[in-house]
Amino acid sequence: MSKRKPYQREMNNDWWLKNAFYSKYMIREGSSILITVYSLILAWGVFRLSQGEEAFNAWLSALQHPISIIFHLLVLLIALYHTITWFSLAPKAVDLYIKGKPLDAKFIVAGHYISFIIVTIFCLVLIML
Amino acid sequence: MSAQTMPTQQAVSDKVIEVEILRYRPEQDEKPFPQLFEVPYSPDMSILEALQYIKDHLDSTVSFRWSCRMAICGSCGLMVNNVPKLGCKAFLRDYYPQKIKLEALANFPIERDLVVDMGDFIKKLEEIKPYIIPATDDKCLSEGTYKQTPEQMEKYKQYSMCINCGLCYAACPQYGLDSKFTGPAALALLARYNRDSRDAGSAERMKIVNQEEGVWSCTFVGYCSVVCPKGVDPAAAIQLLKVESSKDYLIGMFKPD
Amino acid sequence: MNAQQTTTNQLPEKKYIRSHEPIFWGLFGAGGMLTAFLTPVMVLVTGLLIPLGLIDAEHLSYEKLHQFVSSWYGAPIVLVLVALPLWHTLHRIFHSLHDLGIKRGRDWQQVICYGFAFAVSVFVFTLLLQMLSL
């Protein structure tokens, strides 16, 4: 008779706290919560815009509230974290070969960062026009 | 052991490193328990060698798998301080003077001590049809071998380096949460065959990829590629298969089979 | 149970069920790309530079914005900028619920998550359609 009795370890719901890599993964995934709220603020802005000038200006002045400033600062940080993680994983979704050798991941990541800087400056200039 | 003599530093060392092993003896234990051992420390000693020291000198009942001692057989995978490692490729010097905690590979059932039941993993490897499926009206054996350019080989070579050690499964929370997931190594192996110019079995294998438990259980944690001792990068294989599966989905919408 | 037996026998041909995840993954990827490249600068402008007066609020005035939003090219841009990130974030939230071990009612979780992204998209789309002047 078999003496086998394999022991299945439980995976607790706090597994992502036990390993720094998993924690960073969860922060990456969790960034979606703040970015969702930011998108809703923008959607609300579109709604207020549709209601007329007074309503839109009320939305604009609500954004000046200290809580709003702190919130947007947090969103900026977490959005940048999303950007960094997104770019760092980007090479894994690229299947490019040059002269039979896979394109170096460093170039792909650098390309993303250069585009990011150009896009950001372009947008800032555009809004000022 | 090689004939080459060890450097003098190994001679007499009173340095000791603590190694804690999560023990599990199925015939007498209800659940695993930690046991502490003290092993003479030497900077060139691998964790596998420390385990062999324990088995030879301290407790002969400790069970663990090993074979080649050179990171090619894939037998000695285990959790070192909660990180999946090959025992032969991890060294005491990277942990000393801290204590080392050893545990059987995560996400697999413990068979005994550091030995896991890899049955599910092996089953998944078999399921993805890990062999070249030639086109049906292909040439006869007498007509010679299939030629392949270095460029064609480069497309899949990295994914063929897998040694089936299972570290990526121990690193994958999605496999831990739901073992129906085909998992990193099997999907990387699948990519290896789908990307091979001699193979014509992609359509068959895409059926496996397209399932929920195919690539779509993956949330791109990416730890599988970090722990892989052979640089296979299963996360990249899965990501590229997701792209392939999406193309396949679009084609399937217009041309249902 | 004898696990050895099943592995040595001929594997029976399995029934494969295709996942519809590619649709959501496509939207997730597009939204994620947009979020990675544009959300930081959007937050910087709308949430910090304008409210703090570091950029003159005239640049985001009602007049200017309304004109842009009601144009044929402005409306789709605003729709994408506002709604697409939601298809990214709610996809992640849906999968995070599974990561956190909330396994009950996955179907409903899916309906609520993607339904939310859909509802906000429709909401913004309707508003833009109202403002559109061709």
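This is a short tour of a predicted model, stop by stop, with something to select at each one.

**Stop 1: chain C on its own**

Start by showing chain C and hiding the rest. Its secondary structure comes to five helices and zero strands, so if you colour by secondary structure, expect the pattern α-α-α-α-α along the sequence. Chain C has 134 residues, and 47% of them count as buried. Now think about how its contacts are spread along the sequence: among those between residues at least 6 apart, 66% join residues at least 24 apart.

**Stop 2: where chain C meets chain A**

Bring chain A back. Here 50 residues of chain C are in contact with 48 residues of chain A. The two chains bury about 4,500 Å² between them, and carbon and sulfur atoms give 75% of that area. On the chain C side, select Phe37(C), Tyr62(C) and Arg92(C): these lose the most area to chain A, together 17% of what that side buries.

**Stop 3: a pocket with walls from chains A and C**

Keep both chains on screen and select Ile127(A), Leu60(C), Leu65(C), Phe68(C) and Leu81(C). Of the 27 residues that line the second largest pocket, these are the closest to its centre. The pocket holds about 790 Å³ of space. Chain A gives two or more lining residues from each of α1 (20-51), α2 and α4 (105-128), while chain C does so from α2, α3 (62-69) and α4 (74-99). Which element gives the most to this lining? It is α2(C), with five residues. By class, the lining has 22 nonpolar, four polar and one charged residues.

**Stop 4: a detour to Glu54(A)**

Select Glu54(A), which sits in helix α2 (residues 53-62) of chain A. Is Glu54(A) buried or exposed? Its relative accessible area is 74%, so Glu54(A) is exposed. For a sense of scale, draw a distance line from its C-alpha atom to that of Phe107(A): the two residues are 53 apart along the chain, and the atoms are separated by 49 Å.

**Stop 5: where chain B meets chain C**

Next, show chains B and C together. This contact takes 21 residues from chain B and 18 residues from chain C. About 1,900 Å² is buried between them, 57% of it on carbon and sulfur atoms. Select Leu177(B), Trp216(B) and Tyr249(B), which supply 34% of the area that chain B buries against chain C, more than any other three residues.

**Stop 6: two cavities**

A search of the whole structure finds two cavities of 30 Å³ or more. The largest has about 110 Å³ of space. To find it, select Cys172(B), Cys218(B), Val221(B), Gly222(B) and Cys224(B), the closest to its centre among 15 lining residues. In chain B, α5 (173-177), α8 (223-227) and α9 (234-254) each supply at least two residues of that lining, which has twelve nonpolar, three polar and no charged residues.

For the second largest cavity, select Cys162(B), Cys165(B), Cys168(B), Cys228(B) and Pro229(B), which lie nearest its centre out of 13 lining residues. Its space comes to about 90 Å³, and its lining divides into ten nonpolar, two polar and one charged.

**Stop 7: the nonpolar core**

Now select Ile21(B), Ile47(B) and Leu102(B), the residues with the most contacts inside the largest nonpolar core, which has 135 residues. Helix α2 (residues 21-49) of chain C gives the most to this core, with 13 residues. Zoom in on Leu102(B): beyond its sequence neighbours up to four places away, the residues it touches include Val19(B), Ile21(B), Ile47(B), Leu78(B) and Leu114(B).

**Stop 8: backbone details in chain B**

Most residues other than glycine have a negative phi, and most peptide bonds are trans. Three places in chain B are worth a look with that in mind.

- Tyr96(B) and Pro97(B) are joined by a cis peptide bond, with omega about 0 degrees. Pro97(B) lies in the loop between β4 (83-86) and β5 (100-103).
- Ala71(B) has a positive phi, near 55 degrees. Look for it in the loop between α1 (47-58) and β3 (77-80); at 10% relative accessibility, Ala71(B) counts as buried.
- Asp233(B) also has a positive phi, near 60 degrees. It is in the loop between α8 and α9, and Asp233(B) counts as buried because its relative accessibility is 17%, where the cut-off is under 20%.

Technical notes:
Residues numbered from 1 in each chain as written. Chains lettered and ligands numbered in written order. Predicted model: local features only at pLDDT ≥ 70, side-chain atom pairs only at ≥ 80, totals over all residues. Heavy atoms only, no water. 1 Å grid on protein atoms, 1.4 Å probe; cavity = no way out; pocket = protein on both sides within 12 Å on 5 of 7 lines; lining within 4 Å. Points joined across faces, edges and corners; volume = space filled by probe spheres on them. Helix = DSSP H or I, 4+ residues; strand = E, 2+ residues; numbered from the N terminus. Nonpolar A, V, L, I, M, F, W, Y, C, P; charged D, E, K, R; others polar. Core = buried A, V, L, I, M, F, W, Y, C linked by side-chain atoms within 4.5 Å. Buried < 20%, exposed > 50% of the residue type's maximum accessible area, 1.4 Å probe, protein only. Contact = heavy atoms within 4.5 Å. Buried area = accessible area lost by both parts, 1.4 Å probe.
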